[in-house]
Amino acid sequence: MAKLGYARASTGKQTLDKQISLLTEFGCHKLFTDKKTNTEREGLKAMLEYAREGDIVIVYKLDRLAKSIQDLHRITNELKEREIDLISLKQNIDTSSERGGMVFHMIEVCAEFERELIVERIKAGIENAREKGVKLGRKEANRHLKEKAYELYRSGENTMKEITQATGLARATIYRYIEQKKSSE
């Protein structure tokens with residue numbers, strides 16, 4: 001059983017010193033860190049790859065582990081499936097205890113509720129837009145350009161690359177139009 005510490009600073013102005021100090025005091029055998037995490041969290045990835053069944057992941061606060069409720073839900077589910085416990089020092093949560101397990105169950109319920117609200121809002125927004133007559137989705141490509149692409153294709157004198165460059169249309173758009181024309185002939 002290894003105690004694995006994870007520390008994250010969201011911006012370049014934040015330091016990891018306090019988190020690292022607390023994780024070290026708590027007895028973490030190995031530390032993983034991320035700084036300026038606008039993109040991939042390489043430290044988190046490395047820790048999840050390194051962690052084995054029976055290990056304990058320790059964080060200063062849950063918001064250092066995850067960027068959202070959904071992110072926390074995803075990470076904690078992965079840990080739970082792999083039988084890896086999680087301790088949050090600030091919130092005094094330990095998933096190996098009954099109380100900690102209950103707290104995480106509540107977090108999962110909140111994450112599911114938040115996900116349902118987001119889906120509901122998206123559906124309502126789409127319906128509202130349709131009621132107002134807004135056409136959703138990508139705008140249809142210019143019919144004249146599609147016809148030009150079709151003529152260039154039929155001539156047999158141009159490569160698809162040349163046709164896309166001449167019309168500015170995507171290959172998929174051109175091929176779809178070609179199929180439409182063939183099926184209507």
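**View 1. Helices H4 and H5 pack obliquely in this predicted model.** Helix H4, which spans residues 69-81, and helix H5, which spans residues 98-131, pack at an angle of about 135°, with their axes 9 Å apart. Because angles over 145 degrees would count as roughly antiparallel and those from 65 to 115 as roughly perpendicular, H4 and H5 are oblique to each other. Their crossing is left-handed. On the H4 side the contact is made by Ile69, Gln70, Leu72, His73, Thr76, Asn77 and Lys80, and these residues meet Phe104, Ile107, Glu108, Cys110, Ala111, Glu114, Arg115 and Ile118 of H5. Sorted by class, the contact of H4 with H5 holds seven nonpolar, four polar and four charged residues.

**View 2. Helices H6 and H8 cross roughly at a right angle.** The axes of helix H6 (residues 143-155) and helix H8 (residues 171-184) come within 10 Å of each other and cross at roughly 75°, which makes H6 roughly perpendicular to H8. From H6, the residues in contact are Arg143, Lys146, Glu147, Ala149, Tyr150 and Tyr153, while H8 contributes Thr173, Ile174, Tyr177, Ile178, Lys181 and Lys182. The residues of the contact of H6 with H8 comprise six nonpolar, one polar and five charged.

**View 3. Five strands form an open sheet with mixed pairing.** The order of the strands across the sheet is S2-S1-S3-S4-S5. Strand S2 (30-35) and strand S5 stand at the edges, and each has a single partner strand, so one side of each is left without a neighbour in the sheet. Helix H2, formed by residues 42-50, packs on this sheet and touches strand S1 (3-9), S2 and S3; the direction of H2 makes about 150° with that of S2.

**View 4. Strand S4 is joined to S3 and to S5.** Strand S3 (residues 56-59) and strand S4 (residues 85-88) run parallel and are joined by four bridges, and within this pairing Val59 stands opposite Ser88 of S4. Strands S4 and S5, the latter formed by residues 93-94, run antiparallel and are joined by two bridges. Here Ser88 stands opposite Ile93 in S5, and the bridge partner of Ile87 in S5 is Asp94. Ser88 is thus placed opposite Val59 as well as opposite Ile93.

**View 5. Glu83 and Asn92 take positive phi values in loops that adjoin S4.** Most residues other than glycine have a negative phi. Glu83, although it is not a glycine, has a positive phi of about 60°, and this residue is found in the loop between H4 and S4. Asn92, likewise not a glycine, has a positive phi of about 55° and lies in the loop between S4 and S5. The hairpin of S4 and S5 to which Asn92 belongs has four residues between the strands.

**View 6. Confidence along the protein chain is highest in S3 and lowest in H5.** The chain averages a pLDDT of 87, and 98% of the residues score at least 70. Helix H5, the partner of H4 in the oblique packing of the opening view, has a mean of 83, the lowest in the protein chain, whereas strand S3, which is joined to S4 by four bridges, has the highest, at 95.

How values were computed:
Residues are numbered from 1 along each chain as its sequence is written. This is a predicted model: local features need pLDDT of at least 70, side-chain atom pairs count only at pLDDT 80 or more; totals for chains, interfaces and linings use all residues. Side-chain values use heavy atoms; hydrogens and water are left out. Two strands pair if DSSP finds at least two bridges between them. Contact means heavy atoms within 4.5 Å. Axes are lines fitted to C-alpha atoms, for helices over the stretch in contact, and angles run from 0 to 180 degrees between N-to-C directions. pLDDT is the predictor's confidence in each residue, from 0 to 100. Angles under 35 degrees count as roughly parallel, over 145 as roughly antiparallel, 65 to 115 as roughly perpendicular and the rest as oblique. A crossing is left-handed if the near helix is turned anticlockwise from the far one by less than a right angle, and right-handed if clockwise. Ala, Val, Leu, Ile, Met, Phe, Trp, Tyr, Cys and Pro count as nonpolar, Asp, Glu, Lys and Arg as charged, and the others, Gly among them, as polar.
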